[in-house]
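The following exercises introduce a protein structure step by step. Each task is followed by a worked solution.

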Amino acid sequence: MKLQRWLPLAVFGLIAALLAAGVWLSRDPDRDALPSPLIGKQAPAFRLPALHEAGRLVTDAELRGAPYLLNVWGSWCPGCREEHGVLTRFAETRRVRVVGYNWKDERADALRWLEQFGNPYWVVLVDYEGHNAIEWGIYGAPETFLVDAEGIVRWKHVGPMTDDTVRERLLPALEAIGG
């Protein structure tokens, strides 16, 4: 009989402990980050058209030899517009090549978007159907990858880049690879 009186209190205590553990574990600032199985591995091979040069195909091998930042974007993407100023300011530092990866977009829309907002990219690759994006593990736009000179993926950011992201995450990752 006494056990039945204490059972609701014990259940309440257990639920409170679980909630407290959840709050404690959620204090990680990167808790929303999607892990990438590519970190520390060779970037996927690709052969994609260049947006501004009809007939030119760019390969992953052409980009090796110096680090690059691969930024996935689309004219249809609100977050891409949100991060565009940050990306432009970063590209102006010329610390690393910024490569655009225009994903599932119409060519005319992509060109119009870059004309309106400016083009911070060294080159813009186009993946109209999104087939190569599968190899990169791209979930949506914007996403950004840092690839070292040997073609190894060293860092990934999901969502719009901010000045804080550049300062606190990207620049240390660049320094770690000597960029």
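What is the relative accessibility of R64, and does R64 count as buried, partly exposed or exposed? The relative accessibility of R64 is 36%. Buried means under 20% and exposed means over 50%. R64 therefore counts as partly exposed. The model examined here and in all that follows is a predicted one.

**Exercise 1. Describe the salt bridge of R64 and the surroundings of its partner.**

Step 1. The partner of R64 is D60, and the closest N and O atoms of this salt bridge are 2.9 Å apart.

Step 2. D60 has a relative accessible area of 12%. The limit for a buried residue is under 20%, so D60 is buried. The bridge thus joins buried D60 to partly exposed R64.

**Exercise 2. Find further salt bridges and state how their residues are placed.**

Step 1. A search of the whole structure yields eight salt bridges. One of them pairs E62 with R56, with 3.4 Å between the closest N and O atoms.

Step 2. E62, at 41% relative accessibility, is partly exposed. R56 is also partly exposed, with a relative accessible area of 28%.

Step 3. This pair belongs to a network of salt bridges that links E53, R56 and E62.

Step 4. Another salt bridge joins R112 and D109, whose closest N and O atoms are 2.5 Å apart. Because R112 and D109 are three residues apart in helix α4, about one helical turn separates them. D109 counts as partly exposed at 29% relative accessibility.

**Exercise 3. Establish the overall plan of the chain.**

Step 1. The chain contains six helices and seven strands. Their order along the sequence is α-β-β-α-β-α-β-α-β-α-β-β-α.

Step 2. Of the 179 residues in the chain, 41% are buried. The accessible surface comes to about 10500 Å², and carbon and sulfur atoms account for 58% of that surface.

Step 3. Consider the contacts between residues at least 6 apart in sequence: 72% of these join residues at least 24 apart.

**Exercise 4. Compare the span of helices α3 and α6 with expectation, and locate their bends.**

Step 1. α3 has 15 residues and spans 22 Å from its first C-alpha to its last, close to the expected 21 Å. A kink of about 45° in α3 is centred on H84.

Step 2. α6 covers residues 163-176, and its 14 residues reach 19 Å, close to the expected 20 Å. α6 bends by about 35° at L170, with the proline P172 following within four residues.

Step 3. The buried residues of α3 include G79, H84 and F90, and the buried residues of this helix pack against β3, β4, α4, β6 and α6. In α6, the buried residues are T165, V166, L170, A173 and L174, and they pack against β3, α3, β6 and β7.

**Exercise 5. Trace the nonpolar cores and the place of L170 in them.**

Step 1. The largest nonpolar core has 24 residues, and L69, W73, F90 and L170 have the most contacts inside it. At least two residues of this core come from each of β3, α3, α4, β5 and α6. The largest share, five residues, is supplied by α3.

Step 2. Leaving aside residues up to four places away in sequence, L170 touches L69, F90, L146, W155, M161 and T165.

Step 3. A second, separate core has 21 residues, among them L70, V123, A133 and W136.

**Exercise 6. Identify backbone geometry that departs from the usual pattern.**

Step 1. Most residues other than glycine have a negative phi, and most peptide bonds are trans.

Step 2. R94, in the loop between α3 and β4, has a positive phi near 60°. R94 is exposed, with a relative accessible area of 74%.

Step 3. K104, in the loop between β4 and α4, has a positive phi near 50°. K104 is partly exposed, at a relative accessible area of 46%.

Step 4. A cis peptide bond joins A141 and P142, with omega about -5°. P142 lies in the loop between α5 and β6.

Step 5. A glycine with positive phi is G178, which follows α6 and has a phi near 80°.

Terms used: Residues numbered from 1 in each chain as written. Predicted model: local features only at pLDDT ≥ 70, side-chain atom pairs only at ≥ 80, totals over all residues. Heavy atoms only, no water. Expected span 1.5 Å × (residues − 1). Bend = angle between axes of the 7 residues up to and from the residue. Buried < 20%, exposed > 50% of the residue type's maximum accessible area, 1.4 Å probe, protein only. Contact = heavy atoms within 4.5 Å. Core = buried A, V, L, I, M, F, W, Y, C linked by side-chain atoms within 4.5 Å. Salt bridge = Lys/Arg side-chain N within 4 Å of Asp/Glu carboxyl O. Areas by Shrake-Rupley, 256 points an atom, 1.4 Å probe, with all protein chains shown as cover.
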